[in-house]
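User: I would like to learn how to read a model of this kind, feature by feature. Could you take me through it, with the general idea followed by the case at hand?

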Amino acid sequence: MTKSVFRFLSRQPDTPELYGENHLLRLPRYSDYKQWQRLRSESRPFLQPWEPVWRPDELTEGSFRLRVVRSGQEYASGLAVPLLLFRRDDQVLLGGLTIGYIRRGAAQSCMVGYWMGEKHSGQGHMLAALKVAIPYIYGGLQLHRIEAACIPENWKSVRLLEKAGFEQEGLLRKYLKINGEWRDHLMFSRLPEDGEFGKMLKP
């Protein structure tokens, strides 16, 4: 493990919780399974065109428990911060946002990915989540560059990234295998602006 990873670990709480005015982002827990399974199952036709093919055991409790363990391991190793998004007042699960592919050294960058339950889509929740996560990425994780990629036809995701301050950089040919097919993706990036290093962890 490199010194940069040790520095990363020394700055982080055991369980990161990022709070916005109406939203909470945190690592998944075993107790989230029922909400997660129901939301993902209900939203499958909505999500599948934009995601890799789901495994046969995708929605099983055993698969989710492994996901929780892996999320904790990825966070502890400094590789990723896989978060679930909740409405803050009643703890209803809305979707997820992952800060992944964290690269230290000269790069100091990451890539964000996200998903939203169909019944919560189009209500501004993911934009609010990004506005919570971005200062944490720059301030808490001390990264310099945030990247995101989306399928060109996914105009909702394109608009979301633009509203969150991302700029389009180019086209990645056959970048990811989505819904069983290799798909082109638009690459977006975001660099820090003044005032974006606020502390977003609950006191």
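Analyst: Let us begin with a single pair of residues: K177 has W182, in β8, as its bridge partner. The two strands concerned, β7 and β8 (residues 181-190), pair in the antiparallel sense over eight bridges. Please keep in mind throughout that this is a predicted model.

User: Which helices pack on the sheet, and which strands do they touch?

Analyst: Helix α2 (residues 33-42) packs on the sheet and touches β3, β4 and β5, with a direction that makes about 95 degrees with that of β4. Helix α5 (residues 125-140) also packs on the sheet, where it touches β1, β2, β3, β4, β5, β6 and β8, and its direction makes about 30 degrees with that of β4.

User: How should I read the sheet itself, and what is the order of its strands?

Analyst: In general, strands of a sheet pair through backbone hydrogen bonds, either parallel or antiparallel. Here the sheet is open and has eight strands with mixed pairing, in the order β1-β2-β3-β4-β5-β6-β8-β7. Its edge strands are β1 (17-19) and β7 (167-178), each of which pairs on one side only. From one strand to the next the twist averages 25 degrees.

User: Is strand β4 largely enclosed or open, and why?

Analyst: Strand β4 (residues 93-103) is largely enclosed by the rest of the structure, because eight of its eleven residues are buried. On one side, strand β3 (residues 81-87) pairs with β4 in the antiparallel sense over six bridges, and V81 stands opposite I99 of β4. Strand β5 (residues 109-116) is likewise an antiparallel partner of β4, over seven bridges, with M111 in β5 as the bridge partner of G100.

User: What should I look at in the two hairpins that involve β4?

Analyst: Look at the residues between the strands and at their backbone angles. The hairpin of β3 and β4 has five residues between its strands, and Q91 takes a positive phi near 60 degrees. The hairpin of β4 and β5 also has five residues between the strands, and G105 in its turn has a positive phi of about 65 degrees.

User: Which residues touch the most other members of the largest nonpolar core?

Analyst: That core has 36 residues, of which L25, V81, I99 and F166 touch the most other members. At least two residues each are supplied by β3, β4, β5, α5, β6, α6 (155-163) and β8, and the largest share, ten residues, comes from α5. Apart from this core lies another, of 14 residues, among them L24, Y33, L84 and L93. Returning to V81, its contacts beyond four places in sequence include Y75, L97, I99, I102 and Y136.

User: Is R26 buried or exposed, and what joins its side chain to that of D32?

Analyst: R26, which is found in strand β2, is buried, with a relative accessible area of 5%. A polar contact of 2.8 Å joins its side chain to that of D32. Beyond four places in sequence, R26 is also in contact with residues including P16, E17, P82, L83 and F86.

User: Where is the pLDDT under 50?

Analyst: The general caution is that where pLDDT is low, the predicted coordinates should not be read in detail. For the chain the mean pLDDT is 90, and 88% of the residues reach 70 or more. Over residues 1-13, however, pLDDT stays under 50, and the model has 21 contacts beyond four places in sequence for them. Residues 198-203 also have a pLDDT below 50, with twelve contacts in the model beyond near neighbours in sequence.

Key
Residues are numbered from 1 along each chain as its sequence is written. This is a predicted model: local features need pLDDT of at least 70, side-chain atom pairs count only at pLDDT 80 or more; totals for chains, interfaces and linings use all residues. Side-chain values use heavy atoms; hydrogens and water are left out. Buried means under 20% relative accessible area, exposed over 50%, partly exposed in between (1.4 Å probe, protein chains only). Helices (H or I, at least four residues) and strands (E, at least two) are DSSP runs, numbered from the N terminus. Two strands pair if DSSP finds at least two bridges between them. Axes are lines fitted to C-alpha atoms, for helices over the stretch in contact, and angles run from 0 to 180 degrees between N-to-C directions. Contact means heavy atoms within 4.5 Å. A polar contact is a pair of N or O atoms within 3.5 Å; within protein, one must be able to donate a hydrogen and the other to accept it, and residues adjacent in sequence count only if both atoms are side-chain atoms. pLDDT is the predictor's confidence in each residue, from 0 to 100. A nonpolar core is a set of buried Ala, Val, Leu, Ile, Met, Phe, Trp, Tyr and Cys residues joined through side-chain atoms within 4.5 Å.
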